[in-house]
Amino acid sequence: MRIIFLGPPGSGKGTQARFLCQTLSIPHLSTGDMLRLAVEKKTFLGNQVFEYLKKGLLVPDDIIIHLIEEKLEQKDCEKGFLLDGFPRTILQAQSLDHFLEKKKLCIDAVVLFLISPSIVLNRLSGRRVCSVCHTLDHISQMKDNTKNKCKKCQNDLIQRPDDQEHVIEKRLVVYQEQTKPLIEYYQNQNKCFSVDASQTESEVFSAIEQNLFLKTKRQQGVI
Ligand code: AP5
């Protein structure tokens with residue numbers, strides 16, 4: 001299957017992508033993770049995009065399209081993939097469609113994560129990430145004696161620079177202005193279904209699984 005996760009920052013796309021990719025055995029293509037890794041390793045790409053990430057702005061389309069097309073050409077994407085954080089502009093979506101059409105392929109489903117800005121603000125301002133294994137945690141779930149240590153590998157937890165309140169607010173504005181128009185774009189292609197992303201992680205996952213199952217059956221003409 002070829003799936004897109006679409007939704008505001010902090011709506012849980014990354015969390016659910018990890019679950020679903022494990023279940024479906026398909027690669028998880030997170031443009032945010034790719035860019036952060038490039039920044040961490042101080043590569044040419046990392047130096048190009050550092051300022052955009054820090055300010056919560058979108059990286060220019062040409063850079064991100066080139067990055068994702070390179071990934072999609074790899075062998076492990078032949079059996080399907082999950083795109084998390086891409087596309088984020090109409091131009092990115094059009095270039096993805098064009099890229100897939102040339103290969104006689106298409107996107108099977110777009111999962112839209114619905115959530116209020118106040119929940120997002122709470123989730124992201126309290127989010128901490130392991131500096132080594134990148135496991136996610138939230139300050140509200142940390143016990144005093146293990147505070148700021150990863151629950152999996154005990155290394156230090158850090159706050160993403162773009163998880164400061166003023167940057168989160170900027171990212172939400174950018175989502176409204178540049179990414180939200182994609183909802184209509186994919187609704188017109190009849191690819192979209194939405195989930196209530198404010199539920200617990202397992203409730204959101206069940207909703208995604210159930211909708212994907214129904215969508216597949218409809219596409220096969222079974223129901
Ligand atoms: P990116 O990394 O894609 O950031 P984002 O879309 O803003 O999403 P996040 O990673 O912040 O949140 P998420 O929805 O994955 O939620 P998560 O599962 O982590 O992009 C970063 C930057 O890269 C962009 O700002 C831009 O500069 C650049 N970029 C990336 N792609 C680009 C593109 N295509 N074009 C141009 N620029 C691009 O969950 C959040 C928190 O909530 C965690 O603490 C988690 O534990 C918790 N949580 C998750 N689910 C639940 C739940 N159900 N209940 C309670 N807590 C939950």
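In the predicted model, C106 is located in the loop that connects α5 (90-102) to β4 (109-114). With a relative accessibility of 38%, C106 is classed as partly exposed, because the value falls between the 20% and 50% limits. Beyond its neighbours within four places in sequence, C106 makes contact with R2, L100 and K191. The pairing with R2 links positions 104 residues apart in sequence, whose C-alpha atoms are 7.4 Å apart in space.

A second loop position, T135, lies between β5 (127-130) and β6 (136-138). T135 is buried, its relative accessible area being 14%. When residues within four places in sequence are set aside, the contacts of T135 are with R128, V129 and C130, and also with C150, K151 and K152. Of these partners, R128, V129 and C130 fall within the residue range of β5.

L29 belongs to strand β2, which spans residues 28-30. At 6% relative accessibility, L29 is buried, since buried denotes a value under 20%. Not counting residues up to four places away in sequence, L29 touches M34, I68, K71, L72, C77, F81, L82, L83 and D84. The C-alpha atom of L29 is also separated by 8.4 Å from that of F86, a residue 57 positions away along the chain.

In the segment after α9 (201-219), V222 is found. The relative accessibility of V222 is 53%, and this residue therefore counts as exposed, the threshold being over 50%. V222 joins F213, L214 and I223 in a nonpolar surface patch of about 390 Å². Two members of that patch, F213 and L214, have positions inside the range of α9.

The ligand is surrounded by 32 residues, of which T15, L57, R88, R127 and R171 are the closest. Secondary structure elements that each supply at least two residues of this shell are α1 (13-24), α2 (31-40), α6 (117-125) and β6. The greatest contribution comes from α2, with 4 residues. Polar atoms of the protein approach the ligand at several points. A polar side-chain atom of K13 is 2.9 Å from a ligand oxygen atom, and a backbone N or O atom of G14 is 2.8 Å from an oxygen atom of the ligand. At G85, a polar backbone atom lies 2.8 Å from a nitrogen atom of the ligand. On its own the ligand has 1000 Å² of accessible area, and the protein covers 92% of it.

The salt-bridge count for the model comes to 12. One of these bridges joins the side chains of R36 and D33, with an N to O distance of 2.8 Å. R36 and D33 are 3 residues apart in helix α2, so about one helical turn separates them. Both ends of this bridge are partly exposed: R36 has a relative accessibility of 25%, and D33 has one of 33%.

A further bridge is formed by K55 and E51, whose closest N and O atoms are 3.7 Å apart. This pair lies in helix α3 (residues 44-55), with a spacing of 4 residues, or about one turn of the helix. K55 is partly exposed at 45% relative accessibility, and E51 is likewise partly exposed, with a relative accessible area of 34%.

The side chains of R171 and D163 also meet in a salt bridge, at 3.0 Å from N to O. In this case both residues are buried. R171 and D163 are part of one network, in which salt bridges with shared partners join R127, R160, D162, D163 and R171. Two members of the network, R127 and R171, are also listed among the residues closest to the ligand.

Note on methods. Residues are numbered from 1 along each chain as its sequence is written. This is a predicted model: local features need pLDDT of at least 70, side-chain atom pairs count only at pLDDT 80 or more; totals for chains, interfaces and linings use all residues. Side-chain values use heavy atoms; hydrogens and water are left out. Buried means under 20% relative accessible area, exposed over 50%, partly exposed in between (1.4 Å probe, protein chains only). Contact means heavy atoms within 4.5 Å. Patches are made of residues with over 30% relative accessible area and no salt bridge: like charges are joined within 9 Å, nonpolar side chains (Val, Leu, Ile, Met, Phe, Trp, Tyr) within 5 Å. Accessible areas come from the Shrake-Rupley method with a 1.4 Å probe; for residues, only the protein chains shown count as cover. A salt bridge is a side-chain nitrogen of Lys or Arg within 4 Å of a carboxyl oxygen of Asp or Glu. A residue is near a molecule or strand if one of its heavy atoms lies within 4 Å of it. A polar contact is a pair of N or O atoms within 3.5 Å; within protein, one must be able to donate a hydrogen and the other to accept it, and residues adjacent in sequence count only if both atoms are side-chain atoms.
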